Amino acid sequence: MNCIRTCGAQEDLKVDDSKELERMYTEYRERRKDLLYYKYVRSLIAVCAASAESILDVGSGGIDVISHCTNVPYKVSIDSAYPFKSREVEGITGDFFSYEPDRKFDIVGCFQVIEHIEEAEAFCRKLLRLSKGVVIVSVPYMWKKGAVKNHVQDPVDLEKLAGWFGFEPSFCNIVDEMLVAVFLADGSVRENLLKQNGKEFSGFDRKWNCKTECLKCQ
């Protein structure tokens with residue numbers, strides 16, 4: 001039995017047949033591919049990864065948010081049922097809690113997944129552990145408890161998300177009801193991003209700094 005996570009629907013869809021699962025994921029991707037949220041996430045990843053050599057996308061659910069980073073030579077997607085994979089992206093089917101790669105990644109992303117995880121704090125701390133200092137995540141912002149069957153963490157706000165990671169994000173924004181946040185391990189990581197990526201990342205810095213602009217787009 002596999003589960004397709006359909007945030008925005010009333011419940012997750014469960015299917016047994018692999019072809020039916022693939023068809024459902026394809027339809028799900030097609031419905032959502034033009035959402036502003038995905039455009040924003042891909043743009044943010046591209047900015048953060050301008051000088052990166054590796055990216056890990058956790059819980060991809062068959063959705064591609066990293067293959068456009070053609071400058072990054074090593075890209076990995078892991079999912080318990082349906083990882084995105086292509087000629088440019090290595091897809092791994094497996095449990096993230098059991099995943100122990102032989103390297104850390106410059107960028108670790110995890111989008112619309114944490115709200116499904118019972119042990120959210122341990123999950124977020126592992127995202128940090130597998131990164132070299134940059135973690136980008138998104139969660140549904142303040143969705144009502146019980147509105148989506150397999151969202152075990154709703155409602156999620158900035159304080160709850162920051163508690164799981166142990167510190168506040170450096171940047172965040174709400175796009176299409178999704179709270180998107182960038183966690184930087186320390187100030188030196190932020191300074192390196194500014195030096196490497198120039199004005200483009202600095203623009204995100206000024207516009208989305210959580211102490212001045214956070215949550216004004218809701």
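**View A. The buried residues of α4 pack against α3, β7, β8 and β9.** This is a predicted model, as are all the views below. On α4, the buried residues are Leu-158, Leu-161, Ala-162, Trp-164 and Phe-165. Because they cover an arc of only 155° around the axis, they sit on the same side of α4.

**View B. Phe-165 and its neighbours.** Zoom in on Phe-165 and leave out residues up to four places away in sequence: what does Phe-165 touch? Its contacts are Ile-114, Cys-124, Arg-125, Leu-127, Leu-128, Val-135, Val-137 and Phe-183. Phe-165 is also one of the residues that touch the most other members of the largest nonpolar core, along with Leu-56, Ile-114, Leu-127, Val-137 and Leu-161.

**View C. The largest nonpolar core, with its 32 residues.** Plenty of elements chip in here. Those giving two or more residues are the strands β3 (54-58), β4 (74-79), β6 (105-111), β7 (131-140), β8 (171-175) and β9 (178-184), plus the helices α3 (120-129) and α4 (158-165). Which element gives the largest share? That would be α3, with 5 residues. There's another core lying apart from this one, made of 31 residues, including Tyr-37, Val-65, Trp-143 and Phe-171.

**View D. Strand β3, tucked in between its surroundings and largely enclosed, since 5 of its 5 residues are buried.** Look at which way the side chains go: Ser-54, Leu-56 and Val-58 point one way from β3, while Ile-55 and Asp-57 point the other way. Both sets are buried. Leu-56 turns up again in the list of residues touching the most other members of the largest nonpolar core.

**View E. The pairing partners of β3.** β3 runs parallel to β4, and 5 bridges join the two. For a landmark, find Ser-54, whose bridge partner in β4 is Tyr-74. β3 also pairs with β6, again in the parallel sense, this time over 4 bridges. Here the landmark is Val-58, which stands opposite Cys-110 in β6.

**View F. Glu-100 and its two basic partners.** The model has 5 salt bridges in total, and two of them meet here: Glu-100 with Lys-126, where the closest N and O atoms are 3.2 Å apart, and Glu-100 with Arg-129, at 3.1 Å from N to O. Glu-100 sits in the loop between β5 (90-93) and β6, whereas Lys-126 belongs to helix α3, 26 residues apart from it. Arg-129 is in helix α3 too, 29 residues apart from Glu-100. Is each basic partner buried or exposed, going by relative accessibility? Lys-126 is buried, at 5%, while Arg-129 is partly exposed, at 41%. Through shared partners, Glu-100, Lys-126 and Arg-129 join into one network.

**View G. A salt bridge between two strands, Lys-132 in β7 and Asp-106 in β6.** The closest N and O atoms of Lys-132 and Asp-106 are 3.5 Å apart. The two residues come from different strands, so the pair ties together parts that are 26 residues apart in sequence. Asp-106 is buried, with a relative accessible area of 18%.

**View H. Cysteines without a disulfide.** How many disulfides does the model have? The count is 0. Take Cys-69: the closest cysteine sulfur belongs to Cys-48 and is 9.5 Å away. A disulfide needs the two sulfurs within 2.5 Å, so the sulfurs of Cys-69 and Cys-48 are too far apart for a bond. Cys-69 is buried, with a relative accessible area of 2%. Cys-172 is buried as well, at 2% relative accessibility.

**View I. Val-175 on strand β8.** Val-175 is buried, with a relative accessible area of 5%. Which residues does Val-175 touch, once those up to four places away in sequence are set aside? The answer is Leu-36, Tyr-37 and Tyr-40. Tyr-37 is 138 residues apart from Val-175 along the chain, and yet their C-alpha atoms are separated by just 5.3 Å. Tyr-37 is also among the residues of the 31-residue core that lies apart from the largest one.

Terms used: Residues numbered from 1 in each chain as written. Predicted model: local features only at pLDDT ≥ 70, side-chain atom pairs only at ≥ 80, totals over all residues. Heavy atoms only, no water. Core = buried A, V, L, I, M, F, W, Y, C linked by side-chain atoms within 4.5 Å. Buried < 20%, exposed > 50% of the residue type's maximum accessible area, 1.4 Å probe, protein only. Contact = heavy atoms within 4.5 Å. Pairing = 2+ DSSP bridges. Salt bridge = Lys/Arg side-chain N within 4 Å of Asp/Glu carboxyl O. Arc of directions from axis to C-beta.
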